[in-house]
Amino acid sequence: MADNKKPSPHGWIILDKPHGLGSTQAVGAVKRNLRDGGYTKTKVGHGGTLDPLAEGVLPIALGEATKLAGRMLDASKIYDFTLRFGEETETLDTQGDVTLTSDVHPSIEEIRAVLPQFTGPVEQVPPAYSALKVGGKRAYDLARAGQVVELKTRAVTIHSLAITSELENGRDITLTAHVSKGTYIRSLARDIAHALGSCGHVTYLRRTKAGPFVQSNAISLDKLNEVSSGAPLKDLLLPLEAGLDDIPALHLNQTDAQAVREGRVLSELPQPSGLYCGMLDNVPVALLQITDGSTKVVRGFNLPDVAE
(Lines give C-alpha, C1' and ligand atoms only; values in the text may rest on other atoms or scores of the structure.)
Protein backbone atom coordinates (compact mmCIF):
# COMPACT_ATOMS: atom_id res chain seq x y z
CA MET A 1 0.00 0.00 0.00
CA ALA A 2 1.38 3.42 -0.93
CA ASP A 3 2.19 5.83 1.88
CA ASN A 4 0.02 8.87 1.28
CA LYS A 5 1.13 10.77 4.35
CA LYS A 6 2.16 14.38 3.95
CA PRO A 7 5.87 15.11 4.53
CA SER A 8 7.04 16.14 7.99
CA PRO A 9 6.82 19.94 8.36
CA HIS A 10 9.64 22.16 9.61
CA GLY A 11 9.16 25.56 11.22
CA TRP A 12 7.21 27.30 13.98
CA ILE A 13 3.60 27.39 15.09
CA ILE A 14 3.07 30.31 17.44
CA LEU A 15 0.14 29.39 19.63
CA ASP A 16 -1.89 31.93 21.54
CA LYS A 17 -2.08 29.57 24.49
CA PRO A 18 -5.39 29.83 26.33
CA HIS A 19 -5.78 30.01 30.09
CA GLY A 20 -5.80 26.55 31.68
CA LEU A 21 -3.75 24.73 29.03
CA GLY A 22 -0.27 23.55 29.99
CA SER A 23 2.71 23.86 27.63
CA THR A 24 3.03 20.07 27.38
CA GLN A 25 -0.68 19.84 26.54
CA ALA A 26 -0.16 22.47 23.83
CA VAL A 27 2.62 20.38 22.28
CA GLY A 28 0.28 17.38 22.45
CA ALA A 29 -2.42 19.37 20.64
CA VAL A 30 -0.01 20.16 17.81
CA LYS A 31 1.05 16.51 17.54
CA ARG A 32 -2.57 15.37 17.48
CA ASN A 33 -3.53 17.82 14.75
CA LEU A 34 -0.56 16.84 12.61
CA ARG A 35 -1.40 13.16 13.02
CA ASP A 36 -5.09 13.64 12.27
CA GLY A 37 -4.20 15.94 9.38
CA GLY A 38 -2.25 13.15 7.72
CA TYR A 39 1.32 14.29 8.34
CA THR A 40 4.30 12.01 8.82
CA LYS A 41 5.34 11.68 12.46
CA THR A 42 7.03 14.95 13.36
CA LYS A 43 9.28 15.98 16.21
CA VAL A 44 7.59 18.77 18.20
CA GLY A 45 8.79 20.88 21.15
CA HIS A 46 8.04 24.22 22.77
CA GLY A 47 10.29 27.22 23.16
CA GLY A 48 9.63 28.14 26.77
CA THR A 49 7.17 26.91 29.38
CA LEU A 50 4.07 28.96 30.02
CA ASP A 51 2.13 28.16 33.21
CA PRO A 52 -1.42 26.79 32.76
CA LEU A 53 -2.82 29.93 34.42
CA ALA A 54 -0.88 32.14 31.99
CA GLU A 55 -1.88 32.82 28.41
CA GLY A 56 -0.29 34.18 25.28
CA VAL A 57 2.64 33.59 22.98
CA LEU A 58 3.93 30.00 23.05
CA PRO A 59 6.41 29.17 20.24
CA ILE A 60 6.11 25.52 19.20
CA ALA A 61 8.91 24.12 17.05
CA LEU A 62 8.32 21.47 14.41
CA GLY A 63 10.88 19.19 12.78
CA GLU A 64 14.30 20.80 12.30
CA ALA A 65 13.16 23.93 14.14
CA THR A 66 13.32 21.91 17.38
CA LYS A 67 17.09 22.34 17.11
CA LEU A 68 16.50 26.01 17.91
CA ALA A 69 14.22 25.46 20.91
CA GLY A 70 17.17 25.95 23.27
CA ARG A 71 17.86 29.38 21.78
CA MET A 72 14.22 30.29 22.35
CA LEU A 73 14.48 29.26 26.01
CA ASP A 74 17.37 31.72 26.38
CA ALA A 75 15.50 34.59 24.70
CA SER A 76 13.98 37.52 26.55
CA LYS A 77 10.20 37.74 26.96
CA ILE A 78 7.55 40.41 27.51
CA TYR A 79 4.58 39.93 29.85
CA ASP A 80 1.49 41.87 30.83
CA PHE A 81 0.42 41.07 34.38
CA THR A 82 -2.04 42.30 36.97
CA LEU A 83 -0.86 42.60 40.57
CA ARG A 84 -3.52 42.59 43.27
CA PHE A 85 -2.45 44.17 46.55
CA GLY A 86 -3.66 43.03 49.96
CA GLU A 87 -3.48 39.24 49.63
CA GLU A 88 -0.56 36.90 49.06
CA THR A 89 -1.23 33.27 48.17
CA GLU A 90 0.92 30.18 48.53
CA THR A 91 1.29 29.96 44.74
CA LEU A 92 1.58 33.75 44.24
CA ASP A 93 -1.36 33.55 41.82
CA THR A 94 -5.09 32.88 41.99
CA GLN A 95 -4.70 29.11 42.34
CA GLY A 96 -3.38 28.99 45.89
CA ASP A 97 -4.82 29.66 49.32
CA VAL A 98 -4.30 33.07 50.90
CA THR A 99 -1.35 32.98 53.31
CA LEU A 100 -0.85 36.68 54.06
CA THR A 101 -3.04 39.78 54.09
CA SER A 102 -2.39 43.50 54.34
CA ASP A 103 -4.51 46.63 54.63
CA VAL A 104 -1.85 48.62 52.76
CA HIS A 105 -3.04 49.47 49.23
CA PRO A 106 -0.41 51.76 47.67
CA SER A 107 -1.27 54.63 45.35
CA ILE A 108 -0.28 54.61 41.69
CA GLU A 109 2.33 57.28 42.47
CA GLU A 110 3.88 55.06 45.15
CA ILE A 111 3.88 52.09 42.78
CA ARG A 112 5.50 54.14 40.02
CA ALA A 113 8.17 55.39 42.43
CA VAL A 114 9.25 51.89 43.47
CA LEU A 115 9.55 50.35 39.99
CA PRO A 116 13.11 51.57 39.33
CA GLN A 117 14.24 49.28 42.17
CA PHE A 118 13.12 46.37 40.00
CA THR A 119 14.64 47.48 36.72
CA GLY A 120 18.03 46.18 35.61
CA PRO A 121 19.89 43.28 37.24
CA VAL A 122 17.93 42.01 40.25
CA GLU A 123 18.00 39.03 42.59
CA GLN A 124 14.81 37.06 43.08
CA VAL A 125 13.69 33.90 44.85
CA PRO A 126 11.55 31.70 42.57
CA PRO A 127 8.09 30.66 43.79
CA ALA A 128 7.90 27.48 45.85
CA TYR A 129 5.25 26.38 43.38
CA SER A 130 7.54 26.19 40.36
CA ALA A 131 8.99 23.47 38.15
CA LEU A 132 12.51 23.92 39.53
CA LYS A 133 14.04 20.79 41.00
CA VAL A 134 15.07 20.43 44.64
CA GLY A 135 16.91 17.22 45.44
CA GLY A 136 15.74 15.72 42.16
CA LYS A 137 12.06 16.53 42.74
CA ARG A 138 9.92 19.33 41.36
CA ALA A 139 9.46 22.16 43.83
CA TYR A 140 5.69 22.26 43.28
CA ASP A 141 5.41 18.54 44.11
CA LEU A 142 7.23 19.10 47.39
CA ALA A 143 5.13 22.19 48.18
CA ARG A 144 1.88 20.34 47.47
CA ALA A 145 3.04 17.58 49.81
CA GLY A 146 3.30 20.16 52.59
CA GLN A 147 7.08 20.34 52.68
CA VAL A 148 8.92 23.61 53.18
CA VAL A 149 10.64 24.46 49.90
CA GLU A 150 13.73 26.66 50.02
CA LEU A 151 14.94 27.85 46.64
CA LYS A 152 18.15 29.74 46.00
CA THR A 153 18.15 33.35 44.95
CA ARG A 154 18.86 33.78 41.25
CA ALA A 155 20.13 36.70 39.21
CA VAL A 156 17.82 37.91 36.45
CA THR A 157 17.46 41.09 34.42
CA ILE A 158 14.36 43.25 34.12
CA HIS A 159 14.99 45.21 30.93
CA SER A 160 11.95 47.43 31.43
CA LEU A 161 8.96 47.65 33.76
CA ALA A 162 6.04 50.02 33.28
CA ILE A 163 2.49 50.62 34.50
CA THR A 164 -0.02 50.08 31.71
CA SER A 165 -3.34 50.71 33.48
CA GLU A 166 -4.95 52.89 36.06
CA LEU A 167 -5.20 51.55 39.62
CA GLU A 168 -8.46 49.58 39.61
CA ASN A 169 -10.62 48.94 42.69
CA GLY A 170 -7.87 50.62 44.70
CA ARG A 171 -5.79 47.45 44.65
CA ASP A 172 -5.28 46.09 41.08
CA ILE A 173 -2.54 47.42 38.81
CA THR A 174 -1.46 46.07 35.42
CA LEU A 175 2.18 46.30 34.38
CA THR A 176 4.30 45.28 31.40
CA ALA A 177 7.70 43.69 32.01
CA HIS A 178 10.43 42.88 29.50
CA VAL A 179 12.56 40.26 31.24
CA SER A 180 15.49 37.92 30.77
CA LYS A 181 15.26 34.15 30.79
CA GLY A 182 14.63 32.64 34.21
CA THR A 183 12.52 35.54 35.50
CA TYR A 184 9.40 34.64 37.47
CA ILE A 185 6.68 37.25 37.11
CA ARG A 186 4.94 35.91 40.22
CA SER A 187 8.10 36.54 42.23
CA LEU A 188 8.46 40.00 40.72
CA ALA A 189 4.88 40.86 41.73
CA ARG A 190 5.45 39.55 45.26
CA ASP A 191 8.64 41.59 45.64
CA ILE A 192 7.05 44.80 44.33
CA ALA A 193 4.22 44.43 46.85
CA HIS A 194 6.65 43.78 49.72
CA ALA A 195 8.73 46.82 48.76
CA LEU A 196 5.57 48.89 49.14
CA GLY A 197 4.87 47.55 52.63
CA SER A 198 2.04 45.38 51.37
CA CYS A 199 1.60 41.92 49.89
CA GLY A 200 0.06 40.73 46.66
CA HIS A 201 -0.39 38.09 43.99
CA VAL A 202 -0.82 37.83 40.22
CA THR A 203 -4.41 37.65 38.98
CA TYR A 204 -3.67 37.89 35.23
CA LEU A 205 -0.60 36.94 33.21
CA ARG A 206 -0.14 37.13 29.46
CA ARG A 207 3.05 36.68 27.44
CA THR A 208 3.03 39.08 24.50
CA LYS A 209 6.50 38.36 23.10
CA ALA A 210 8.94 35.44 23.22
CA GLY A 211 12.23 36.00 21.43
CA PRO A 212 11.32 37.26 17.95
CA PHE A 213 7.70 36.08 18.14
CA VAL A 214 4.88 38.47 19.03
CA GLN A 215 1.10 38.35 19.49
CA SER A 216 0.44 39.13 15.82
CA ASN A 217 2.24 35.85 14.92
CA ALA A 218 0.03 33.79 17.22
CA ILE A 219 -2.94 31.62 16.27
CA SER A 220 -5.79 30.40 18.44
CA LEU A 221 -6.28 26.81 19.52
CA ASP A 222 -9.43 26.73 17.37
CA LYS A 223 -7.38 27.73 14.33
CA LEU A 224 -4.83 25.02 15.11
CA ASN A 225 -7.59 22.44 15.39
CA GLU A 226 -8.64 23.13 11.80
CA VAL A 227 -5.46 21.34 10.66
CA SER A 228 -6.94 18.01 11.73
CA SER A 229 -9.82 18.65 9.33
CA GLY A 230 -7.56 19.32 6.37
CA ALA A 231 -6.85 23.06 6.66
CA PRO A 232 -3.45 23.81 5.05
CA LEU A 233 -0.66 23.93 7.60
CA LYS A 234 1.37 26.32 5.45
CA ASP A 235 -1.05 29.10 6.34
CA LEU A 236 -0.13 28.72 10.03
CA LEU A 237 3.54 27.74 9.84
CA LEU A 238 6.40 30.23 10.12
CA PRO A 239 9.71 29.16 8.54
CA LEU A 240 12.55 27.81 10.63
CA GLU A 241 14.61 30.95 10.05
CA ALA A 242 11.87 33.07 11.67
CA GLY A 243 13.47 32.04 14.96
CA LEU A 244 16.77 33.53 13.81
CA ASP A 245 15.77 37.07 12.94
CA ASP A 246 18.63 38.49 14.99
CA ILE A 247 21.26 36.50 13.08
CA PRO A 248 22.62 37.70 9.71
CA ALA A 249 22.39 35.42 6.70
CA LEU A 250 25.48 34.02 4.99
CA HIS A 251 24.56 33.17 1.41
CA LEU A 252 26.21 29.99 0.16
CA ASN A 253 26.62 28.54 -3.30
CA GLN A 254 25.90 24.86 -4.00
CA THR A 255 29.53 23.80 -3.46
CA ASP A 256 29.92 25.64 -0.16
CA ALA A 257 26.53 24.39 1.07
CA GLN A 258 27.62 20.81 0.39
CA ALA A 259 30.88 21.42 2.23
CA VAL A 260 29.02 22.81 5.25
CA ARG A 261 26.68 19.82 5.31
CA GLU A 262 29.70 17.53 5.38
CA GLY A 263 31.19 19.50 8.27
CA ARG A 264 34.08 20.91 6.25
CA VAL A 265 35.53 24.33 7.03
CA LEU A 266 35.03 27.32 4.75
CA SER A 267 37.94 29.72 4.94
CA GLU A 268 39.03 33.19 3.84
CA LEU A 269 35.53 34.60 4.26
CA PRO A 270 35.32 38.41 4.36
CA GLN A 271 32.53 38.58 6.97
CA PRO A 272 33.30 39.77 10.52
CA SER A 273 33.55 37.10 13.20
CA GLY A 274 30.20 36.10 14.66
CA LEU A 275 27.20 33.80 14.31
CA TYR A 276 25.52 33.46 10.91
CA CYS A 277 22.76 31.44 9.30
CA GLY A 278 24.17 29.76 6.21
CA MET A 279 21.55 29.85 3.44
CA LEU A 280 21.35 28.10 0.07
CA ASP A 281 18.88 30.20 -1.87
CA ASN A 282 16.04 30.48 0.71
CA VAL A 283 16.79 27.29 2.62
CA PRO A 284 18.74 27.31 5.93
CA VAL A 285 21.73 24.95 5.81
CA ALA A 286 23.37 25.52 9.21
CA LEU A 287 24.16 27.93 11.99
CA LEU A 288 27.79 28.87 11.43
CA GLN A 289 30.31 30.55 13.70
CA ILE A 290 32.81 32.59 11.72
CA THR A 291 36.11 33.22 13.46
CA ASP A 292 38.85 35.09 11.61
CA GLY A 293 37.35 34.15 8.26
CA SER A 294 36.84 30.44 8.95
CA THR A 295 33.58 28.64 9.72
CA LYS A 296 32.54 26.13 12.33
CA VAL A 297 29.16 24.41 12.13
CA VAL A 298 27.20 25.14 15.32
CA ARG A 299 24.00 23.40 14.22
CA GLY A 300 23.18 21.76 10.91
CA PHE A 301 19.68 21.63 9.43
CA ASN A 302 18.40 18.66 7.48
CA LEU A 303 15.85 20.40 5.28
CA PRO A 304 14.60 19.33 1.85
CA ASP A 305 15.95 21.02 -1.28
CA VAL A 306 19.32 21.71 0.33
CA ALA A 307 22.44 20.78 -1.60
CA GLU A 308 22.57 17.05 -2.18
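1. Let's start with the largest pocket, which has a volume of about 1,200 Å³. Of the 37 residues lining this pocket, Thr49, Leu50, Asp51, Ala131 and Tyr184 are the closest to its centre. A pocket here is an open set of points on a 1 Å grid over the protein atoms alone, where a 1.4 Å probe fits, with protein on both sides within 12 Å along at least five of seven lines; lining residues have an atom within 4 Å of a point. The volume is the space filled by probe spheres set on the points, which are joined across faces, edges and corners.

2. A word on the model: it is predicted, so local features need pLDDT of at least 70 and side-chain atom pairs count only at pLDDT 80 or more, while totals for chains, interfaces and linings use all residues. Residues are numbered from 1 along each chain as its sequence is written, and side-chain values use heavy atoms, leaving out hydrogens and water.

3. Which elements each supply at least two residues of the lining of the largest pocket? They are α1 (23-36), α2 (69-74), β4 (77-85), α4 (139-144), α5 (185-195) and β12 (200-210). By class, this lining divides into 14 nonpolar, 12 polar and 11 charged residues. Here Ala, Val, Leu, Ile, Met, Phe, Trp, Tyr, Cys and Pro count as nonpolar, Asp, Glu, Lys and Arg as charged, and the others, Gly among them, as polar.

4. The second largest pocket has a volume of about 200 Å³. Its lining has 12 residues, and His10, Val283, Pro284, Leu303 and Pro304 are the closest to the centre. The classes here are 7 nonpolar, 3 polar and 2 charged.

5. For the overall picture, the chain has 7 helices and 17 strands (DSSP runs of H or I, at least four residues, and of E, at least two). Its C-alpha trace spans about 70 × 55 × 40 Å along the principal axes.

6. Glu88 is worth a look in strand β5 (residues 87-89). Glu88 is buried (under 20% relative accessible area, 1.4 Å probe, protein chains only). Glu88 has no salt bridge (a side-chain nitrogen of Lys or Arg within 4 Å of a carboxyl oxygen of Asp or Glu). The nearest side chain of opposite charge, Arg190, is 5.8 Å away. The side chains of Glu88 and His194 do share a polar contact of 2.7 Å (N or O atoms within 3.5 Å, one able to donate a hydrogen and the other to accept it).

7. Finally, Thr66 sits in the loop between β3 (55-62) and α2. Thr66 counts as buried because its relative accessibility is 16%.

Definitions and conventions:
Buried < 20%, exposed > 50% of the residue type's maximum accessible area, 1.4 Å probe, protein only. Lys, Arg positive; Asp, Glu negative; His and termini not counted.
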